[in-house]
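Here is a short set of exercises to work through with the model open beside you. Try each task by yourself before you read its solution.

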Amino acid sequence: MNDIFDKIISREIPADIVYEDDMTIAFLDIRPVRKGHTLIVPKKECENIFDADPAVLAAMTITAQKIARAIMHTTEAKGVNLIMNNGHEAGQEVPHAHMHIIPRFARSEAFNPPVHETYEDGESAVLAGHIKTAIA
Ligand code: AMP
């Protein structure tokens, strides 16, 4: 795979890199939702949460905490959203796992899912049971 994020990791294309360690790299999103919007990207090849090595996900989360604190300090944000789009239907555009850190400055900017569904009586317990059973 040699996707756009691989090219940033290998320095084939430029990016505003803010952090790098053995397993992860972090750089500013080129189309920020808010200024300071940063992407945490694993160096080891994986597409999203489904095929990622758990150690890679742990490393992404550890990096995300470092970067979130630094963004809060630098931008004077009041909070951050951590978002990971997994799969085309979930909004994933780049087929290389990544986590978005988006600084937020006012409650009105908070990430809100646009619609909520309602469970029928007993439906949530059945679904929870199926999910429990499916956990590997
Ligand atoms: P997603 O929809 O979760 O796959 O998000 C992909 C993100 O990558 C988008 O927010 C893009 O703005 C961002 N992006 C794409 N190309 C670049 C690039 N060359 N440098 C920085 N961010 C990028």
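## Exercise 1: A residue in a strand

Thr38 is found in strand S3. The model is a predicted one, so please read every value below as computed from it.

**Task.** Decide whether Thr38 is buried or exposed, and list what surrounds Thr38.

**Solution.**
- Step 1. Start with the accessible area: Thr38 has a relative value of 2%. Buried means under 20%, so Thr38 is buried.
- Step 2. Next, look for partners beyond four places in sequence. Thr38 is in contact with Ala26, Phe27, Leu28 and Asp29, among others. Further along the chain, its contacts include Ile67, Ile71, Met99, His100 and Ile101. Val18 is another of its contacts.
- Step 3. Finally, check the polar side of Thr38. A polar atom of its side chain lies 2.7 Å from the backbone oxygen of Gly36.

## Exercise 2: Two histidines and an aspartate

**Task.** Find which side chain makes a polar contact with the side chain of His37, then place Asp29 in the picture.

**Solution.**
- Step 1. Locate His37: its place is in the loop between S2 and S3. With a relative accessible area of 3%, His37 is buried.
- Step 2. Find the partner. The side chains of His37 and His100 make a polar contact at 2.8 Å.
- Step 3. Widen the view. Not counting residues up to four places away in sequence, His37 also touches Phe27, Leu28, Asp29, Arg31 and Pro32, as well as Ile101, Ile102 and Pro103.
- Step 4. Turn to Asp29, which sits in the loop between S2 and S3. Its relative accessibility is 16%, so Asp29 counts as buried.
- Step 5. List the neighbours of Asp29. With residues up to four places away left out, Asp29 touches His37, Thr38, Leu39 and His100. A polar atom of the Asp29 side chain also lies 2.8 Å from the backbone nitrogen of Arg31.

## Exercise 3: The largest pocket

**Task.** Describe the largest pocket: how many residues line it, and which lie nearest its centre?

**Solution.**
- Step 1. Take the volume: the largest pocket holds about 650 Å³ of space.
- Step 2. Count the lining, which has 26 residues. Those nearest the centre are Asp29, Ile30, Arg31, Leu39 and His100.
- Step 3. Assign the lining to elements. Helix H1 (4-9), strand S2 (24-28) and strand S5 (99-104) are the elements that give two or more residues.
- Step 4. Sort the lining by class: 15 residues are nonpolar, 6 are polar and 5 are charged.

## Exercise 4: The span of a helix

**Task.** Work out what length helix H2 (residues 54-75) should span, and compare that with its end C-alpha atoms.

**Solution.**
- Step 1. H2 has 22 residues. The expected span is 1.5 Å times one less than the number of residues, which gives 32 Å for H2.
- Step 2. The end C-alpha atoms of H2 are 31 Å apart, so the model agrees with the expected span.
- Step 3. Ask which residues of H2 are buried: they are Val56, Ala59, Met60, Thr63, Ala64, Ile67, Ala68 and Ile71. These residues pack against strand S1 (17-20), S2, strand S3 (38-42), strand S4 (79-83) and S5.
- Step 4. Inspect the start of H2. There, a side-chain oxygen of Asp53 comes to within 2.9 Å of the backbone nitrogen of Ala55.

## Exercise 5: Positive phi angles

**Task.** Compare what phi Arg11 and Glu76 take, and where each residue lies.

**Solution.**
- Step 1. Recall the background: most residues other than glycine have a negative phi.
- Step 2. Arg11 is not a glycine, yet has a positive phi of about 65°. Its place is in the loop between H1 and S1, and at 46% relative accessible area Arg11 is partly exposed.
- Step 3. Glu76, also not a glycine, has a positive phi of about 60°. Glu76 comes just after H2, in the loop between H2 and S4. With a relative accessible area of 60%, Glu76 is exposed.

## Exercise 6: The whole chain

**Task.** Summarise the fold: how many helices and strands are there, and what order do they follow?

**Solution.**
- Step 1. The protein has 3 helices and 5 strands.
- Step 2. From the N terminus on, they run α-β-β-β-α-β-β-α.
- Step 3. Of the 136 residues, 32% are buried.

Methods:
Residues are numbered from 1 along each chain as its sequence is written. This is a predicted model: local features need pLDDT of at least 70, side-chain atom pairs count only at pLDDT 80 or more; totals for chains, interfaces and linings use all residues. Side-chain values use heavy atoms; hydrogens and water are left out. On a 1 Å grid over the protein atoms alone, a cavity is a set of points where a 1.4 Å probe fits but cannot get out, and a pocket is an open set with protein on both sides within 12 Å along at least five of seven lines; lining residues have an atom within 4 Å of a point. Grid points are joined across faces, edges and corners, and a volume is the space filled by probe spheres set on the points. Helices (H or I, at least four residues) and strands (E, at least two) are DSSP runs, numbered from the N terminus. Ala, Val, Leu, Ile, Met, Phe, Trp, Tyr, Cys and Pro count as nonpolar, Asp, Glu, Lys and Arg as charged, and the others, Gly among them, as polar. Buried means under 20% relative accessible area, exposed over 50%, partly exposed in between (1.4 Å probe, protein chains only). Contact means heavy atoms within 4.5 Å. A polar contact is a pair of N or O atoms within 3.5 Å; within protein, one must be able to donate a hydrogen and the other to accept it, and residues adjacent in sequence count only if both atoms are side-chain atoms.
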